[in-house]
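Reader: I would like a close look at a single part of this model. Please take one helix pair and what surrounds it, and give the cut-offs as you go.

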Amino acid sequence: MIRLILNVLWFIFFGWALALAYLLAAAISFLLIITIPFGVAALRLAIYSAWPFGRTIVDDPGAGIASGLANILWLILFGWWIALAHIAAGIAQCVTIIGIPFGIANFKLVPAALWPLGRDIVAVP
């Protein structure tokens, strides 16, 4: 029940804006046909950034060198500005005691924003 409350508050105050950033990155990626895998990763992260509590990001052991090379391109095109948005939002949220869980959630999203390919989003037990 607490996760639901945190997710609803997160979405109302922050999640929708961060999800829009990922959706913008996905739209650009789908337009540039060769970057469609980036679009898929951005959509996955848009959903996660809109509703982060109760889920976590884990490394995919089956990811190969191609995903690592693609992550470098992602970092240059999209990752750095989305990561900066997460950092700025996280700092702003940690100013208040009530916002600390939201700030931590934002900081948890920074590595995924920088390096999204080769990662999976899984439910926390």
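Author: What follows is a walk through one helix pair and its surroundings.

This is a predicted model: local features need pLDDT of at least 70, side-chain atom pairs count only at pLDDT 80 or more, and totals for chains, interfaces and linings use all residues. Residues are numbered from 1 along each chain as its sequence is written, and side-chain values use heavy atoms, with hydrogens and water left out.

Start with the pair. Helix H1 covers residues 2–31 and helix H2 covers residues 36–50. Helices here are DSSP runs (H or I, at least four residues), strands likewise (E, at least two), numbered from the N terminus. H1 and H2 pack at an angle of about 175°, with axes 7 Å apart. Axes are lines fitted to C-alpha atoms, for helices over the stretch in contact, and angles run from 0 to 180 degrees between N-to-C directions. H1 is therefore roughly antiparallel to H2 (angles over 145 degrees count as such).

Next, the contact (heavy atoms within 4.5 Å). On the H1 side, the residues include Trp 10, Phe 11, Tyr 22 and Phe 30. On the H2 side, they include Ile 36, Phe 38, Leu 43 and Leu 45. The contact residues divide into 17 nonpolar, 5 polar and no charged. Nonpolar means Ala, Val, Leu, Ile, Met, Phe, Trp, Tyr, Cys and Pro; charged means Asp, Glu, Lys and Arg; the others, Gly among them, are polar.

Zoom in on Ala 26. This residue sits in H1. Its relative accessibility is 1%, so it counts as buried (under 20% relative accessible area, 1.4 Å probe, protein chains only). Beyond four places in sequence, Ala 26 touches Gly 39, Ala 42 and Leu 43.

Now H2 itself. Its 15 residues should span 21 Å at 1.5 Å a residue, and its end C-alpha atoms are 21 Å apart, which agrees. The expected span is 1.5 Å times one less than the number of residues. Buried residues of H2 include Phe 38, Gly 39, Ala 42 and Tyr 48. Their cover includes H1, strand S1 (55–59), helix H3 (65–93), helix H4 (100–114) and strand S2 (119–123).

Last, the core. The largest nonpolar core has 24 residues. Such a core joins buried Ala, Val, Leu, Ile, Met, Phe, Trp, Tyr and Cys residues through side-chain atoms within 4.5 Å. Among those touching the most other members are Trp 10, Tyr 22 and Phe 78. H1, H2, H3 and H4 each supply at least two residues. Setting aside neighbours within four places, Phe 78 contacts Ala 25, Ile 28, Ser 29 and Phe 38.

Technical notes. Parallel < 35°, antiparallel > 145°, perpendicular 65-115°, else oblique. Buried < 20%, exposed > 50% of the residue type's maximum accessible area, 1.4 Å probe, protein only.
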